[in-house]
Amino acid sequence: MANFLAQFLSIKNSCERVVIAVEDMSDLWPLVKKGFDERLPFKRATLNNKTRNPVSVDNLPAEFILTTDSRLRSRFPQEQLLFSFREPYATVVLVTCEDLDEFKTILKPRLKLIVQNDEREWFIVFVSRAPPHNDQASKMAKKVYAKLEVDFSSKKRERCCKLDIHGPEAAFWEDLESKITECIRNTLDRRIQFYEEEIRKLSEQRFKPVWSFCNFFILKESLAFMFEMAHLHEDSLREYDELELCYLETVNIAGKQRDFGGMEHGDDQAALLNPAKKPLTQIVQDDSFREFEFRQYLFACQAKLLFKLNRPFEVASRGFSFVISFSKALALHESILPFCIREVWIITSCLGLVNATAAHYSNGLVGPEIEKEYYRVRGELYSLCRAKFMRLAYLLGYGSAIEKSPVNSASLSMLPWPKPAVWPSMPSDASSEVLAKEKMILQATPRVKHFGIQRKLLPLEPASLLREANRRRASLSAGNVFELFDGRSTFMDGSGSDARTSPSPKLHPISMPRTNSTPGNFESSIDRPMTLTEIFVAAEHALQKTISDPGLWTSISSLEEFEQKYLELSKAAADNYHHSWWKRHGVVLDGEIAAVCFKHGNHDLAAKSYEKVCALYSGEGWEDLLADVLPNLAECQKILNDQAGYLSSCVRLLSLDKGLFLTKERQAFQSEVVRLAHSEMEHPVPLDVSSLITFSGNSGPPLELCDGDPGILSVTLWSGFPDDITLESLSLTLTATSNADEGVKAIRSSGATILNPGRNTITLSLPPQKTGSYVLGVLTGQIGHLRFRSHGSARGGPAESDDLMSYEKPTRPILKVFKPRSLVDLAAAVSSALLMNEPQWVGIIVKPLNYSLKGAVLHIDTGPGLRIEESHAIEMETYTNTSKNEDGLEDRDGDRNNASVVKEFTQLTLKDGSIELPDWASHIVSVLWIPVRAINEGLARGTSAGTVSSQRPSVVDGLRTVALKLEFGVSHNQIFERTIAVHFTNPFHVSTRVADKCSDGTLLLQVILHSQVKAPLTIHDAWLDLQDGFAHGDRGDGRPTPAFFPLVVPSASKAGILFSISLGTTTTEDEAKVLNPDTILNIRYKIAGERSLGSHTPMSVGSNGTEDDATQLLTFRSALVLQRPVLEPCLAVGFLPLPSDGLRVGQLFTMKWRVERLKYLEEENNDEVLYEVNANSENWMIAGRKRGHVPLSAKQGSRIEISILCVPLAAGYVRPPQLELPNIGGANISCNPAGPHLVCVFPPPLSSSFCIPA
Amino acid sequence: MFNSQAKFGSTESANLSVTEKMIVCIAVVGHQNNPLYIQSFTEADDALKLHHIVHCSLDVVDERVNNPKKSGPMLNETFLGLLYPTENYKVYGYLTNTKVKFILVTTDLDVRDADVRNFFRRFHSAYLDAVSNPFHVPGKKITSKTFAERVSTIVKSFSFNTTG
């Protein structure tokens, strides 16, 4: 059947559409042809696919051909069967008849004859030519048609339809179309069945030796072609898929050695999208096809169908896998194929695929998922193409122009060299080209990395090309192997594997003459190993033979063209990857584009791309890769004068893992940073060095400070710089953890700091902070003119190079400032009273509350009536609690403490009202003794015994205050102020009473002494200085019997002394004494108190000595009021009786007093008396003059009555108003009644008016 | 001279046969796509290109993980299979429950999936032991020497199993 191939192909090529035969029985075709042709192509047809499922097909093309046409005639039955896809799918029989008889006799037999062939699908179109107005004719036509239907249509199938030429025809055309479709469907079903049956039969014999793939192919493709004609592309595609599978299965059966193909000129250009590139008859071999062409042909057929199905994505993805698998097939046959045809074929096929799919693709046609996948495949195709293109370029000697980046190395260094059976050799006349190439290579300057970074370049070759090429040469004289290691070979290789594996290159002199490329030398040794340059030239010549595409050849003909194409491919690949999920692929290729941009001086673009790459790598922590790209970015930025970017790149380089760069390189980075920092930057920007300088608080508990205290904060800094670096200034912010809105506070270190590499500890002085706990915030500072900041906080250990996740804020506080609390207490040591008018120690307990009082200063300010005895030093001693505590436990505790604490004692002098506390007192409770003297100018007054106590001297009189202000803390920032009240008192309170009156007029005056102090008093002497009118009894000196003394008065007890006095005028002449209106009691005493308890011996006395000297005695003076006897007063005031009916509230009455002069007074030479009425205003309302002068004769016995109108206001026993005579001394007045008295005031009389019931 | 040439050729071919069928790189990549461990087994000083391959293969892992539709039945499968069908080498992936990825690069183009699956299983247990070390900081690079030794043993036995 193989001989059918050519025939099949020609039939297939001539046949384009589904054919519908028209059997024109009544010459009607010219009449209806136009109408019929207008229906083409069929808008919608429902056909059955291979699995007998209905498929809706749009725009099915078809062609009407008369059965008399030559195309349908002259066919052999066998052909008809085999190539039945071209046979008519339906037969339309056109008839007309206007007469029943004619129909019966002529038409019907003829029709029967035509339709008896079962193979055909047929139906009859009855054309009625009856004009519409001719009822007769149309009636007849109807009759004939009815007859026709009866004869030819069956119940199962309607086979007739009627076309009214002059009538409405819409219904007819639909009818016609559905009938034709039905016929086509039926025919198609039958033919599918036929082919399937045939294919099945042939498949069964597949592994028999007689089997021919060609026959199978013809059947299979016939079926596929039929599907394609019927627009059942899906089914057609499936047939081709099956065909491909079958081909791949059978093609490689061992024992059948076939040509692979691909040897012809132009085969290097992929034909995988052009099924008609090579006629199949040319590639047929035995009973099969050459693999090279046929596989491409199959793919091309599939691609064509896929494009028809509008699935360009699938073309791309199938295409990619096809290219990969076909590349493997090419590799298998590489030794017989032209040099590098594999690479060239891949390039052309990839480009062909991307271009064809792009032409058929429009965005939004498919879902986003598929779209992304589509772009991914395109990216893959471009990058595959790119790799192969680079490989070709390398073979031509453009290797120096290819960036030795990881991506290029990954795609090239694992890609084996082409393996031709024999490596192409130099044409004999190419010596000039060798020279030119050598020149080109020498001119290409290797790119020097910035910062003097020296890295072994990544390899672009799987093995040394020099070695590989020479190994594959047909004949190699091994005599001069060392020439393999020409000086340039290592330069080109870059991989360095040569240097390691070469047999000791040191043995050969470096000055070996490189004359082997001179023409003369060349010709003479045709068989010596080729040099690299020669390999390049040879490859160029071989490639020129291989490559038939002038475009491709142009793009590798020169370095510039290569770079342009390379850039184009890289860009296309990157763009497509960017549209897909594979962002990393895209970004990495951006880096390759950047390298080219950089080379051509387009630094701006290069920097942008490099930045993307760096961001990708650093974002995911791929430091090794970052270390490869970042120097390039830095270089761009330096050239662009982007100082900020350059600096940050340098800092990033420094913060990379230390192992990635040599110390020398890292030092170069640092010197760049320092150089820029100290230069005048145009736009100084703060530099983020978070990854380079990290900081943390010291381990251990945070620094604890009391409110308002400054402190010193110690912080650990980790410097990632390789050398010492000087920071001109440094400050650190503290952030309060509790309070977010609290502004952060910066603390700065004074002066420049030099950071050593690694760990540094710096101390910062900390001003007083607000209450709360603080964490370290941001580190800022300056290197030169450059401000920098760091957020990086290292935790304890050295800065991790892997700082991807270490940007969390440290939660550990570094500083705690406590809430304000009392840090110290000042209290009076003694609560009992001290001696008035004597120098006394005031004790003040200074109690530090868990806080050091080191260097504290106490300001002492005494209040009025109190002054500090400057003559004495202030004493300070350890405080011992003498008072017993209630709970024994604490007491014992205290005892132990006391025992352990060394008694300290210091004397302090007051300077400007303040003293400085000694250091020993900074932590323990101490007591401060201040010598003071309370001053009270007035004389103590005694009272007569039995009088109301209110007349005793008030406690307030003895109260003095000491204002204390303690400044303490580290810088005296803490202030504690307290005013302490100190109570002073006289040692005694004196009250008197006349104990007895002797018959001789001597009065026994009892003086009662109440001890006021908490200390025993010893009275050594006491005497009275009497007032006028009194004299000492027995002409004594006013002292009691000396034998009584010393008299000891314990604290809080009373003692009494009796004095005998008598009335009488003063006999002494002393004027002063005459003037003295009061009697003075003088007491000389000693006090034996302790200052820790209360009153004590004044220090001026106690320190003097122990002898019982008069100087040691204290003197207490108190004035006493001695009253003359009752008869003696010169005026008598009598309270006259009240009305007999009693006093009532609200009732007016007159109160009367009588004043009577008892005796004449010389000094009162006026005859008037000043009176005053005093009454409690709550109880009394007084009308009349309360105060005034009344005449009173100076004569003895003269009297006057003073009356005043009063209204009592309150009921009960109340004190009545009293009459006083202010001008006359109390002693001169005799009152009746003598003491205060009360009167009874009745409530107001009941008022009946209030009692009337309502 | 002649001897050295012959010797040279033979060593080269021996090298090729070794390098052609072996694991060239194995990597552990953290759940944030950060490298945790990356070890290449090539003789040449070209680890960076393997870094690149591993890094780029994360695209594929991401794609599979982020598109559950495409990898529907693979959801519960830790072994991601072949990530990269390239001409010259193969990249296999493995995803642990904690989103840690293992990437294997091999130049052995005829490797069987089952072998790789088995390799990853052994590697996974080595990894588990390494990260269970109390001194290992999760999310940081694995620096354990024991782990490195164990990995190289696994890699060697893999090459031996598949080639021999």
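Me: Which hand is the crossing of H10(A) and H12(A), left or right?
Reply: Right-handed (near helix clockwise from the far one by less than a right angle; left-handed if anticlockwise). Helices are DSSP runs of H or I, at least four residues, numbered from the N terminus. This is a predicted model, with local features at pLDDT of at least 70, side-chain atom pairs at 80 or more, and totals for chains, interfaces and linings over all residues. Residues count from 1 along each chain, chains are lettered from A and ligands numbered from 1 as written, and side-chain values use heavy atoms, without hydrogens or water.

Me: What angle do they pack at?
Reply: About 15 degrees, axes 12 Å apart (lines fitted to C-alpha atoms in the contact stretch, angles 0 to 180 degrees, N-to-C). H10(A) and H12(A) are therefore roughly parallel (under 35 degrees).

Me: Which residues meet there?
Reply: A:Phe292, A:Gln296, A:Phe299 and A:Phe307 from H10(A) touch H12(A) residues including A:Trp345 and A:Leu353 (heavy atoms within 4.5 Å).

Me: Switching to cavities. How much space is in the largest?
Reply: About 420 Å³. A cavity is a set of 1 Å grid points where a 1.4 Å probe fits but cannot get out; lining residues have an atom within 4 Å of a point. Volume is the space filled by probe spheres on the points, joined across faces, edges and corners.

Me: What's closest to its centre?
Reply: A:Glu380, A:Ser383, A:Ser411, B:Thr86 and B:Tyr89, out of 25 lining residues. H13(A) gives the most, with six.

Me: And how much space is in the second largest?
Reply: About 110 Å³. Its lining includes A:Phe292 and A:Gln296, and both also belong to the H10(A) contact with H12(A).

Key:
On a 1 Å grid over the protein atoms alone, a cavity is a set of points where a 1.4 Å probe fits but cannot get out, and a pocket is an open set with protein on both sides within 12 Å along at least five of seven lines; lining residues have an atom within 4 Å of a point. Helices (H or I, at least four residues) and strands (E, at least two) are DSSP runs, numbered from the N terminus. Angles under 35 degrees count as roughly parallel, over 145 as roughly antiparallel, 65 to 115 as roughly perpendicular and the rest as oblique.
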